[in-house]
Amino acid sequence: MARVVTPYKMDMIQGNVVTREQLAVLKPGMQRIQVRDILGSALLASVFHADRWDYVFTLNRPGAEPQARRVTVFFKGDVLERIEADELPSESEFVSTLKSEAKSGPLPALEASEDALKKFPAASKAAPAPSAVPATPTHYPPLEPAGK
């Protein structure tokens, strides 16, 4: 019996997703703010290493090999100097890894028989008329007292 019933294990996605397309846009000489606009805020930004931002991503799925990727960008002052990165997926490759498997088998019919519908009360014949919507006011009180 214990082999039939298993606990639910959810996917664990942590960190910053950085794709090949994002990395292709980065060029040495870009400002910090431009890098942040492209990659987002870094997961790790150390006070002791102010010229280094680390983007780390992990994906742990039950029954699958864990994925881990790292991108590190280095700055000289406020200018991007160099990039170190693992092999990154394209955006479409990453999205395809997130798709869950569809359950197989026929879908249940989504229609009710006459006998099943008789169990519910009949709908009321006359719906109440909607209340009148108040007119938009044409005069508004002043935002500040007069004379200031």
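Twelve residues form the largest nonpolar core of this chain: Val 18, Leu 26, Met 30, Val 35, Leu 39, Trp 53, Tyr 55, Val 71, Val 73, Phe 75, Leu 80 and Leu 88. Two or more of these residues come from each of α2 (32-39), β3 (52-60) and β4 (67-76). Of these elements, β4 gives the largest share, three residues. Please keep in mind as you read on that the model is predicted.

Let's step back to the whole chain. It has four helices and five strands, and along the sequence they follow the pattern β-α-α-β-β-β-β-α-α. Of the 148 residues in the chain, 16% are buried. About 12600 Å² is exposed, and carbon and sulfur atoms supply 59% of that area. Among contacts with a separation of 6 or more, 50% join residues 24 or more positions apart.

Which residues does Val 73 touch, once its neighbours within four places in sequence are left aside? The core members Leu 26, Val 35, Leu 39, Trp 53, Tyr 55 and Leu 80 are among its contacts. The list also includes Asp 51, Arg 52, Arg 82 and Ile 83.

Now for the empty space inside. Rolling a probe the size of a water molecule over the atoms shows where such space is left. The count comes to one cavity of 30 Å³ or more, and the largest cavity holds about 40 Å³. Its lining consists of Asn 16, Val 17, Val 18, Tyr 55, Phe 57, Arg 69, Arg 70, Val 71 and Leu 88. Both β3 and β4 give two or more residues to this lining, with the largest share, three residues, coming from β4. By character, the lining residues divide into six nonpolar, one polar and two charged. Val 18, Tyr 55, Val 71 and Leu 88 belong to the lining and also to the largest nonpolar core.

The core and the cavity lining can be set side by side by what β4 gives to each:

| Feature | Largest share from | Residues given |
|---|---|---|
| Largest nonpolar core | β4 | three residues |
| Lining of the largest cavity | β4 | three residues |

One last stop is the loop between β3 and β4, where Gly 63 is found. Is Gly 63 buried or exposed? Gly 63 counts as exposed because its relative accessible area is 90%, against a cut-off of over 50%. Gly 63 and Lys 9 lie 54 residues apart in sequence, while their C-alpha atoms are 9.7 Å apart in space.

Methods:
Residues numbered from 1 in each chain as written. Predicted model: local features only at pLDDT ≥ 70, side-chain atom pairs only at ≥ 80, totals over all residues. Heavy atoms only, no water. Buried < 20%, exposed > 50% of the residue type's maximum accessible area, 1.4 Å probe, protein only. Contact = heavy atoms within 4.5 Å. Areas by Shrake-Rupley, 256 points an atom, 1.4 Å probe, with all protein chains shown as cover. Core = buried A, V, L, I, M, F, W, Y, C linked by side-chain atoms within 4.5 Å. 1 Å grid on protein atoms, 1.4 Å probe; cavity = no way out; pocket = protein on both sides within 12 Å on 5 of 7 lines; lining within 4 Å. Points joined across faces, edges and corners; volume = space filled by probe spheres on them. Nonpolar A, V, L, I, M, F, W, Y, C, P; charged D, E, K, R; others polar.
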